[in-house]
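This report looks at a few side-chain contacts and backbone angles. Please have the sequence and the model open while reading.

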Amino acid sequence: MIVEALREIVGDRHCLTDAALRASYETDWTRRFSGSAFAVVRPGSTDEVAAVLAACASARVGVVPQGGNTGLVGGSVPRGGEVVLSLLRLNAVGDVDADAGEVTAGAGATLASVQAAARSAGWEVGVDLGARDSATIGGMVATNAGGVNVLRHGPMRRQLLGFEAVLADGTILRRLPGMPKDNTGYNLGGLLAGSEGTLAVITQLRLRLVPRLSHRAVAVAGFADAASAVAAAARLRRELGSVLALELFTDPGMELVMRHAAVAAPFSARRPVYLLVEVGSDEADPTDGLVATLETLDLGDAAAVATDPGGRHRLWQLRERHTEAVNAEGVPHKLDVSVPLGRYAEMVERAPMVVAAVAPNARTIVYGHVGDGNVHVNVLGPASEDEAVDDAVLELVLELGGSVSAEHGIGVAKVAWLVRDRGAAAVSAMRAIKDAWDPQGILNPGVLFTPRQLG
Ligand code: FAD
Ligand code: MLT
Ligand code: ZN
């Protein structure tokens, strides 16, 4: 019955029940999380999304919203028996308002397509990340994605000026005119940012854009240990107002990137830890300032600077391609966490040790957005369902006063840790919001909270 209703709404071609056609929607990017879907539906309009949700609500079938399926905490794939609601057909990008620096895009538009539209009008999207060709704007708001420019422009929530979304019962909420000032009650769009598909299905977004920079320079520098790299990052940020990104990676990670992504080393010297810094300005060229500060750091041969687009891209590849290089080695346990900057070096040094204590044969690759206190701990070796290394790393994070999720979200991977991190009172306040917006528990059951019986 429900399948017939779904076919009627989206058309036969966009209601996939055949196992081979469903497969790519059922496993996440890391291959750690998968489940089978009752069906995959691909609506082509907001009204179709509303009709699909109303049909699923009356049949009491769970719904997993899915964008580019690049999420890294298992929240975009079914646990078993839900309908996967793919937003990829809602990919229209509207005209950029070049005076206001704003754009409206469908939830299924990729970040790269919105970036292209923004750039053609002389603007830029404030958030950038390595999955730009597949990650969708809707998924990025749903996860409140961070990426490499948070220290300059903030995460997705900060870019949000308006939204259109559909509640679990099919009700459409719409507030799309871009108005930076809009104090009319609760900020419902802000609530959707980071809701991971548990409150509503996002169908359109209005984003603020940031000025396009005319001068950019990227440097990679090598250090003897994490503490000196973190100290250098803090200094670069303090002394250069033009810093756009500050990224950290280690030699074992760079070795994997060079092997799997065929990227050349930045300089002949090898160091245990590397820092990538990008500066940018639309006024004076910031390169001289960057070089002058690097010179005071006593780096010897372990520094490279690029100002041309090709050279900058090559240096960025060393950091950006860690995710795929790690994936090429196996199915990783990915722990995206943040700690206060003063504990960052300790986190980088101790994460491999706490992993080794519970899984002596595991390999730990650490990298991250050091400017935001964000560390990505990747562990290769333990079976997907063995959570001992996850627990060990997250226990360390709480000991250091950090957060168990910096930018990827809770998904299904960290449900057990949400109460530990936020406390019972905060989680029951979140649960009250969930129950008010989605009383039957249709949307993304099992994400953020332990699943309840569908109501
Ligand atoms: P999906 O993976 O499809 O979904 C993610 C979550 O959002 C799920 O819970 C899903 O149910 C929900 N969702 C998706 N679309 C909607 C919608 N329209 N309405 C309601 N809920 C929805 N993340 C970062 O924060 N920073 C990074 O630097 C970064 N780099 C990455 C690099 C690589 C190579 C990869 C593979 C991933 C990276 N990620 C990063 C993770 C990922 O790209 C982000 O989480 C991204 O925001 C997910 O977008 P998506 O469209 O793929 O969403
Ligand atoms: C990154 O910063 O590279 C992304 O968040 C993805 C990852 O953690 O691998
Ligand atoms: Zn990241």
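## A salt bridge between two helices

In this predicted model, glutamate 329 and arginine 259 meet through their side chains in a salt bridge, at 3.1 Å from N to O (a side-chain nitrogen of Lys or Arg within 4 Å of a carboxyl oxygen of Asp or Glu). The pair links distant parts of the chain, with glutamate 329 in helix H13 (residues 322-329) and arginine 259 in helix H10, 70 residues apart; helices are DSSP runs of H or I with at least four residues, strands are E runs of at least two, and both are numbered from the N terminus.

Arginine 259 also forms a salt bridge with glutamate 255, at 3.6 Å from N to O, and because these two residues are four apart in helix H10, about one helical turn separates them. Salt bridges that share partners join Glu255, Arg259, Glu329 and Arg363 into one network, and the structure holds 22 salt bridges.

## A buried pair

Lysine 434 and aspartate 438 form a salt bridge whose closest N and O atoms are 2.7 Å apart. Both lysine 434 and aspartate 438 are buried (under 20% relative accessible area, with exposed over 50% and partly exposed in between, for a 1.4 Å probe and protein chains only).

## Positive phi angles

Most residues other than glycine have a negative phi. Arginine 31, however, has a positive phi of about 75°, and alanine 262 has one near 50°.

## Basis of the values

Residues are numbered from 1 along each chain as its sequence is written, while chains are lettered from A and ligands numbered from 1 in the order in which they are written. Local features need pLDDT of at least 70, side-chain atom pairs count only at pLDDT 80 or more, and totals for chains, interfaces and linings use all residues, while side-chain values use heavy atoms, leaving out hydrogens and water.
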